[in-house]
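Have the sequence and the 3D view ready, and let us walk through this protein together. We will go from the whole chain to its sheet, then to its helices, and end with two single residues.

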Amino acid sequence: MDRDYLLISQENGGRFDVDALARMRAYWEGTPFYVRSDGAYVICLDEGAREAALKNRGVDEPNGTSHVILFRPERVVLGSLGWMELDAQFADFIEWCQQQWSCKLFRDTGEPASASELRHD
């Protein structure tokens, strides 16, 4: 199931600062990903999915084996495709962010959400 989540800062006028965004990007180092032309990180299921996506990179769209994160000062957008392994990584990332900064998670409909929604235990 495709769904988008928004991570929104509750500090600094509702904006993440440059350092926070840099630390969020650094969180994903060591994970198979690539960066789209719009700056979004495409987090891949594995290295094979990453390599396949890079071959088709002109499309700039997720290939069904990836999740997308767009880092913006006003919000971090997390696009989930329902892959259990990647959803769990997103949940870990959200929880880590919430430990680092005062921020809340929302569904793209504006309703409050919880990282636990991304866990398929």
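A residue counts as buried here when its relative accessible area is under 20%. By that rule, 39% of the 121 residues of the protein are buried. Please keep in mind that this is a predicted model.

## The overall plan

The protein has three helices and six strands. Following the sequence from start to end, you meet them in the pattern β-α-β-β-α-β-β-α-β. How do parts that are distant in sequence come together? Take the contacts between residues at least 6 apart in sequence: 59% of them join residues at least 24 apart.

## The sheet

The six strands form an open sheet, and their order across it is E2-E3-E4-E5-E1-E6, with antiparallel pairing. At the edges are strand E2 (33–35) and E6, each of which pairs on one side only. From one strand to the next, the twist averages 20°.

The table lists some of the strand pairs.

| Strand pair | Sense | Bridges |
|---|---|---|
| E1 and E6 | antiparallel | five bridges |
| E3 and E4 | antiparallel | four bridges |
| E4 and E5 | antiparallel | five bridges |

You can find single partners in the view as well. Ser 9 stands opposite Cys 103 in E6, and Cys 44 stands opposite Ser 66 in E4. Val 68 has Gly 79 in E5 as its bridge partner. E4 and E5 also form a hairpin, with two residues between the strands.

Is strand E4 enclosed or open to the outside? Five of its seven residues are buried, so E4 is largely enclosed by the rest of the structure.

## Helix H1

Now turn to helix H1, which covers residues 18–27. Its buried residues are Ala 20, Leu 21 and Met 24. These residues span an arc of only 95° around the axis, so they sit on the same side of H1. Among the elements that cover them are strand E4 (66–72), strand E5 (75–80) and helix H3 (84–100).

At the start of H1 there is a polar detail to look for: a side-chain oxygen of Asp 17 comes to within 3.2 Å of the backbone nitrogen of Asp 19.

## Helix H3

Does the length of H3 agree or disagree with what its number of residues suggests? At 1.5 Å a residue, its 17 residues should span 24 Å, and the C-alpha atoms at its ends are 24 Å apart, which agrees.

Which residues of H3 are buried? They are Leu 86, Asp 87, Phe 90, Ala 91, Phe 93, Ile 94 and Cys 97. Seen down the axis of H3, these buried residues fall within an arc of 165°, so they line one face of the helix. On the other side of H3, Met 84, Glu 85 and Gln 99 are exposed.

What does the buried face pack against? Its residues pack against strand E1 (3–9), H1, strand E3 (41–44), E4, E5 and strand E6 (103–107).

## Two residues to look at

His 67 is a good place to zoom in, and you will find it in strand E4. With 0% relative accessibility, His 67 counts as buried. Its side chain makes a polar contact of 2.7 Å with the side chain of Asp 87. Asp 87 is one of the buried residues of H3, so this contact links strand E4 to that helix.

Next, look at Arg 107, which has its place in strand E6. Is this residue buried, exposed or partly exposed? Its relative accessibility is 26%, so Arg 107 counts as partly exposed.

Arg 107 also shows how the chain brings distant positions together. In sequence, Arg 107 and Leu 6 are 101 residues apart, while their C-alpha atoms are 6.1 Å apart in space. Leaving out residues up to four places away in sequence, Arg 107 touches Asp 4, Tyr 5, Leu 6, Pro 112, Ala 113 and Glu 117. With Pro 112 there is a polar detail too: the backbone oxygen of Pro 112 lies 3.0 Å from a polar atom of the Arg 107 side chain.

Methods: Residues are numbered from 1 along each chain as its sequence is written. This is a predicted model: local features need pLDDT of at least 70, side-chain atom pairs count only at pLDDT 80 or more; totals for chains, interfaces and linings use all residues. Side-chain values use heavy atoms; hydrogens and water are left out. Buried means under 20% relative accessible area, exposed over 50%, partly exposed in between (1.4 Å probe, protein chains only). The arc is that of the directions from the helix axis to the C-beta atoms. Contact means heavy atoms within 4.5 Å. A polar contact is a pair of N or O atoms within 3.5 Å; within protein, one must be able to donate a hydrogen and the other to accept it, and residues adjacent in sequence count only if both atoms are side-chain atoms. The expected span of a helix is 1.5 Å times one less than its number of residues. Two strands pair if DSSP finds at least two bridges between them. Axes are lines fitted to C-alpha atoms, for helices over the stretch in contact, and angles run from 0 to 180 degrees between N-to-C directions.
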